[in-house]
Amino acid sequence: MSETFSDEDRAQFARALMQLFDRWGLDSAQRTALLGLPQETKARALSRLRQGEPLPPEPEILHRARCLLEIEHSLETMLPLNAAIVDAWIVTENMLLASRRPLDVMIEDGVEGLERVMNSLTGGSDW
């Protein structure tokens with residue numbers, strides 16, 4: 001998590017995440033929770049990211065962003081011809097998660113939940 005990213009790298013992360021969140025149909029509260037942004041500034045922070053500002057340089061926010069983008073990449077690699085399933089997977093109850101949705105695991109369990117979902121797709125660990 002100590003990796004340094006340029007403003008342009010962080011702006012690319014922000015653009016990719018906003019597109020991903022749109023495809024997943026997430027609301028503002030879900031978006032800010034996944035990124036670990038303060039809830040009291042969610043509207044302003046999301047608006048800035050949508051306008052092309054880079055993600056904040058905080059290591060935890062950048063780690064969350066990388067996890068989310070790795071989850072997207074893994075899903076698209078596993079299901080390259082089925083975008084509808086890729087986008088629905090995140091909000092579909094999963095038996096391996098005690099019938100929890102991956103989205104709920106990531107929001108409710110924070111960084112640990114993001115890593116858990118990411119690792120399950122990349123072979124990093126079991127559920």
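I started with R101 in this predicted model. R101 comes out at 24% relative accessibility, so I noted it as partly exposed. Its side chain meets that of D104 in a salt bridge, 3.0 Å from N to O. I looked up the partner too: D104 is partly exposed, with a relative accessible area of 21%.

Next door in the sequence, I checked R100. The R100 side chain forms a salt bridge with D109, at 3.3 Å from N to O. R100 has a relative accessible area of 24% and is partly exposed, and D109, at 29%, counts as partly exposed as well.

Then I turned to helix α1. I found 18 residues there, running from 7 to 24. From first C-alpha to last, α1 reaches 25 Å, close to the 26 Å expected at 1.5 Å a residue. Right after α1 comes G25, with a positive phi near 70 degrees.

Which residues of α1 are buried? I listed R10, A11, F13, A14, L17, M18, L20, F21 and W24. Their cover includes α2 (28-35), α3 (42-50), α4 (59-78), α5 (83-89) and α6 (102-108).

R10 made me stop, as an arginine on that buried list. At 8% relative accessibility R10 is under the 20% cut-off, so it counts as buried. I found its side chain in a salt bridge with D7, 2.1 Å from N to O. Both residues sit in α1, three residues apart, which is about one turn of the helix. D7 itself is partly exposed, at 48% relative accessible area.

Last, I went through the salt bridges as a set and noted eleven in the structure. R23, E72, E76 and D87 are linked in a network of them.

How values were computed. Residues are numbered from 1 along each chain as its sequence is written. This is a predicted model: local features need pLDDT of at least 70, side-chain atom pairs count only at pLDDT 80 or more; totals for chains, interfaces and linings use all residues. Side-chain values use heavy atoms; hydrogens and water are left out. Helices (H or I, at least four residues) and strands (E, at least two) are DSSP runs, numbered from the N terminus. The expected span of a helix is 1.5 Å times one less than its number of residues. Buried means under 20% relative accessible area, exposed over 50%, partly exposed in between (1.4 Å probe, protein chains only). Contact means heavy atoms within 4.5 Å. A salt bridge is a side-chain nitrogen of Lys or Arg within 4 Å of a carboxyl oxygen of Asp or Glu.
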